[in-house]
Amino acid sequence: MLWFPIDRDTSISLVQQVYTQIRTLILSEQLKEHDRLPSTRELADSIGVSRNTVTDAYDQLIIEGYLIVKPRSGTYVAEGVVLKAAEKEQREVDLSNWLQTEQYDEQLIDFRASHPAMDHFPRKVWGRLAKEVCYDSSDELFGYRSPLGDETLRRVLTTYLARTRGVSCHPEQIVITAGATQGLSLITQLLMKEGECVAVEDPVTDEMRQIFTKAGAAVEPIKADRLGIKPDQLPRNKKPSFVFVIPSHQFPLGAVLPIQRRIQLVEYVRKMDSYIVEDDYDSEFTYEGTAVFSMQGLEPERVIYVGTFSKILSPALRIGYVILPRHLVEPFKDLKWFSDRHTATLEQQVMARFIEEGYLDQHVRRMKRIYEKRRKALVAALRNTFPGLDIIGQAAGMHAVVEWRELEVNQSFVSHCKKHGVVVYPVEYYALKKGYHTKQMVLGYGSLTESEIQDGVSRLHKAVETYHLS
Ligand SMILES: Cc1ncc(COP(=O)(O)O)c(C=O)c1O
């Protein structure tokens, strides 16, 4: 006798419940092909519902092909209703990279870099502006728009970036992208030529490196030291399609590239007829001295500037921008159109209002105070706990690098730290050429509170103390 429970306290109709229960029994093969179902009266009595309820559920399952009626015989499970699970080998996907960045254990204190303080997103203002934009916008804004992006946002950005980053451009040179990631991927597609390489400062995030390699580029590592990329290491005998740099706050070493090296880089790309791609992802948050202006302002014809709202506001917005020399705008626009048409218009309009009405400046000032406190908490905790430890690259952004005298920051140490409840990131992990950064680790503090930072450093202390004993 077929039986299953019926819930009378839910808003799901009885017919829907009977239908779902039988369908589930069929899909899980508890009811098999050719099995005969009880008559509508039998099942109604068994589960305590009316006969009409069962008849309606059976009818729906017959319409969808799960059941068939054999005249003068009864209702049966039809043939071919079970989709077998795919072969195991086909379904196994290498999740190691994702787990590394996505897995989140509340018990762990994770010094992951580049994550902003998500609990400080200006929800109220953003929500109000989003509502206004939705109600106020003309009908055209709901259709396809220019691949360059929203005109108002590009105009507002031109003024904002000239003031805050020394960027020199016309709104027609800006393309709004789905974050820096899409910008860098399209730049690689645009500039990469057969047989050429992309010169990339080393170390660099694996994410950035993979953007280039997945877009088909061969990556040529160029050593970066505590001052940033070393232009004298750039290849002289072959032309790179472009040189990728983060001059305002190198990731992960945190260097601010000095003007002499910036000039050397510009001279190099002029001579080689190449480009500099400048990633300027978190330099609004500068704590020592004033923010260094962009390289784009030095040579707008040879520098492609890539910016993003991922760190300054939230990565979930997926809004970034690329500023191109004029002659590259048309082909880039074409690539953007065939990639995703354009970035979502309403969000761009909200962003434009957010900047125009002064909320971005306000937010940056507020966040800078918060990150500054977090940075101070980290530096103080490290200095108190590990006197004499070298802390570098903490003048800007949301991460610092520590360099140990003796300790090798390798896989075994990282696992040992995890056992003590703290996650740290070896600089060596980001290195293209291995062996130069084995004693350095990155500590991101953007998304941790001051007490979490202190707790994290004391966990790190325990891990260091017990490391050689384990
Ligand atoms: C070096 C660097 N640039 C830019 C970004 C931002 O990428 P997106 O704007 O696609 O979120 C990141 C993200 O972590 C980064 O590490």
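Me: What makes strand 8 and strand 9 count as a pair?

Reply: Strand 8 and strand 9 are joined by 3 bridges and run parallel. Two strands pair if DSSP finds at least two bridges between them, so 3 bridges are enough. Within this pairing, F244 stands opposite V277 in strand 9. Strands here are DSSP runs of E, at least two residues, and helices are runs of H or I, at least four, numbered from the N terminus. This is a predicted model, in which local features need pLDDT of at least 70, side-chain atom pairs count only at pLDDT 80 or more, and totals for chains, interfaces and linings use all residues. Residues are numbered from 1 along each chain as its sequence is written, and side-chain values use heavy atoms, leaving out hydrogens and water.

Me: Which strand pairs with strand 5, and in what sense?

Reply: Strand 5 (residues 197-202) pairs with strand 8 in the parallel sense, over 4 bridges. One bridge partnership there links V198 to F242 in strand 8.

Me: Why is strand 8 called largely enclosed?

Reply: Buried means under 20% relative accessible area (exposed is over 50%, partly exposed in between; 1.4 Å probe, protein chains only). In strand 8, 6 of the 6 residues are buried, so the rest of the structure largely encloses this strand.

Me: How do you know which strands are the edges of the sheet?

Reply: The open sheet has 8 strands in the order 4-11-10-9-8-5-6-7, with mixed pairing. Strand 4 (174-177) and strand 7 (228-229) each pair on one side only, and those are the edge strands. Strand 4 is joined by 4 bridges to strand 11 (residues 320-323), running antiparallel, and I176 has Y321 as its bridge partner in strand 11.

Me: How is helix 10 placed relative to strand 8, and what is that angle called?

Reply: Helix 10 (residues 259-272) runs at about 165° to strand 8. Angles over 145 degrees count as roughly antiparallel (under 35 roughly parallel, 65 to 115 roughly perpendicular, the rest oblique), so 165° is roughly antiparallel. The angle is taken between N-to-C directions, from 0 to 180 degrees, with axes as lines fitted to C-alpha atoms, for helices over the stretch in contact.

Me: Why is helix 14 called oblique to helix 16?

Reply: Helix 14 (residues 411-419) and helix 16 (residues 450-467) pack at about 125°, with axes 9 Å apart. That angle fits none of the three named ranges, so helix 14 is oblique to helix 16. Their contact (heavy atoms within 4.5 Å) involves S412, F413, H416 and C417 in helix 14, which meet L460, A463, V464, T466 and Y467 in helix 16.
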